[in-house]
Amino acid sequence: MSTLELCEKYFETRDVYKLMGIAKDAKEKEIKKAYHKLSLLVHPDRVPDAQKDESTEKFKVLSKIYQVLTDTQKRALFDEQGIIDDDDEGKLTNWLDLWSKIFKPLSEEDICNYEKEYVGSEMERTDIKKAYLGGKGCMNYIMNHVPFMKVEDEPRFKEIVAAMIAADEVPEYKIFTEEPAAKRNKRHKKYARESKEATIIKERIQRRREKDAEAAQESSGGNLEQMILSRKNQRESNYNSLMDRLLVKYGGEDDSDTVDFSALDKKRKLKKSKQGQKAAKINGVKNGRVEKPKA
């Protein structure tokens, strides 16, 4: 299939500007920003195994479009004739490498700073409007498509949308203005549950980080180079966990599933049990010391 056919298959449009959510005269900086936002949602490393194949294809399509829109000649060809040249397909085989070269790694501080700039900005207002129209007034849809939105933001969002309705910017959807209490309560319970689960995840990450730091210090014997490498690995692990949690919130619309930690705990206990049995066979070797068997 051609790139445009794949656009229609996976994104329901052949208009690459509409797909990326940008104007036809968008600058390269705007294109890069749109590409990052969309590709992050379908990154093959950030979706369940069952969705990886389709996610990879979507990721390839977005990468191809980015290449076209940032190449003067290819973009001109599409603008003038609505054509994308697929003859150079072989030159773009490693899509993940392309993505990693374009975007630098983000830190938790970067994300926090972006949130401060985003909340209350014109960009946020535009995203609210787009989500309101896309979900036809469904608040669950809006929460899944507007970054950093929390339950406590609902009154502020409703004021913004009410002003848009009053100004005839958007139509009035009864599902928004007259949302059933049962639906609202279900959403609030869901996010309260997720908040509790996020706290558990954060505590576990912190404990694991502390244990890794202690283990690294012991193994390196205080070696500065080893300790720096260990801290780098910890930051990367923390970043990946943070992005996974963000994508769980903004990458889907299923409001029925919750995180089940029971299976994970059972696996960890089983693993520890096996490790303990293995250690017992090595004549009581524990924490670098040899313990004599009791008489």
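Which residue follows H8 with a positive phi? Keep that in mind for the second stop.

This is a predicted model, in which local features need pLDDT of at least 70, side-chain atom pairs count only at pLDDT 80 or more, and totals for chains, interfaces and linings use all residues. Residues are numbered from 1 along each chain as its sequence is written, and side-chain values use heavy atoms, leaving out hydrogens and water.

**Stop one: H3 and H4.** Select residues 28–42 (helix H3) and 52–69 (helix H4), whose axes lie 9 Å apart at an angle of about 175 degrees. That angle makes H3 roughly antiparallel to H4 (over 145 degrees, on a scale from 0 to 180 between N-to-C directions). Now show side chains: the contact (heavy atoms within 4.5 Å) includes Ile31, Tyr35 and Leu38 of H3 and Phe59, Leu62 and Tyr66 of H4.

**Stop two: H8.** Move on to residues 122–134, helix H8, whose end C-alpha atoms are 18 Å apart, in agreement with the 18 Å expected for 13 residues at 1.5 Å a residue (1.5 Å times one less than the number of residues). Colour Glu124, Asp127, Ile128, Ala131 and Tyr132, which are buried (under 20% relative accessible area, with a 1.4 Å probe and protein chains only). They cover an arc of only 135 degrees around the axis, so they sit on the same side of H8. Just after H8 comes Lys136, with its positive phi near 50 degrees.

**Stop three: Lys24.** Finally, pick Lys24, in the loop between helix H2 (16–20) and H3. Lys24 is exposed, at 51% relative accessible area (the cut-off is over 50%). Leaving aside residues up to four places away in sequence, Lys24 touches Tyr17, Arg75 and Asp79. Lys24 and Asp79 are 55 residues apart in sequence, yet 8.4 Å apart in space, C-alpha to C-alpha.

Conventions. Helices (H or I, at least four residues) and strands (E, at least two) are DSSP runs, numbered from the N terminus. Angles under 35 degrees count as roughly parallel, over 145 as roughly antiparallel, 65 to 115 as roughly perpendicular and the rest as oblique. The arc is that of the directions from the helix axis to the C-beta atoms.
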